[in-house]
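Please give a short report on the fold and the overall dimensions of this protein chain.

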Amino acid sequence: MSKIHVKTGDTVILLTGKDEYQYNNKDDKAKGRKTGKVVAVSPKEGKVIVEGFNVVTKHVKPTRMGQVGGIVTTEAALYASKVQLVCPKCGKPTRVGHVIEDGKKLRVCKKCGKSFE
C-alpha cells in the first residue's frame, strides 16, 4: 500500500498526459492550466480519478428491456504521480509537507506554508 499525496475533494492540475495543456481560458493562457476535483482515490493501485480529465468513451449495450444503450463518456483513473495539488490559499500548484500540531498531522503547502485543513 503506497502513500498518496491527494485526498478526495482536493483540487489538482495534470502534470503529464493528453490533457496536460488544457487551459481555463483558451485565448489567455496566462490564466493557468485547467484544474479538476479528485472524485476517487485508490491507494492500493496508486491511482486517482479526476473530474474532467482522462475522459474516455465506452460503447454500452442495453442489458435489460427498456434500458438505453449508446456511447457513454466517463473519467478513467490516472496515476497519482501525474497530478499535483493546487493550494486553496495561494492558488499555485505545490508540493505537500506534513506538520504535527496538537497531536494531529496536518498537510501544509510548501510554497506559502498554510495548512490545507
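The report below covers the strands, then the dimensions and surface.

This is a predicted model, in which local features need pLDDT of at least 70 and side-chain atom pairs count only at pLDDT 80 or more, while totals for chains, interfaces and linings use all residues. Residues are numbered from 1 along each chain as its sequence is written, and side-chain values use heavy atoms, with hydrogens and water left out.

The protein chain has ten strands and zero helices; these are DSSP runs numbered from the N terminus, with at least two residues (E) for a strand and at least four (H or I) for a helix. Six strands form an open sheet with antiparallel pairing, in the order 6-3-2-1-7-8. Two strands count as paired if DSSP finds at least two bridges between them. Strand 6 (78-79) and strand 8 (93-94) are at the edges with a single partner strand each, so one side of each has no neighbour in the sheet. Within the sheet, strand 2 (residues 36-42) pairs with strand 3 (residues 47-50) over four bridges. Ser42 has Lys47 of strand 3 as its bridge partner.

| Property of the protein chain | Value |
|---|---|
| Radius of gyration (over C-alpha atoms) | 17 Å |
| C-alpha box along the principal axes | roughly 60 × 40 × 20 Å |
| Exposed area (Shrake-Rupley, 1.4 Å probe) | about 8400 Å² |

A compact globule of 117 residues would have a radius of gyration near 13 Å, by the rule of 2.2 Å times the number of residues to the power 0.38. Buried residues (under 20% relative accessible area, 1.4 Å probe, protein chains only) make up 24% of the 117 residues. Carbon and sulfur atoms supply 51% of the exposed area.

Key. Buried < 20%, exposed > 50% of the residue type's maximum accessible area, 1.4 Å probe, protein only.
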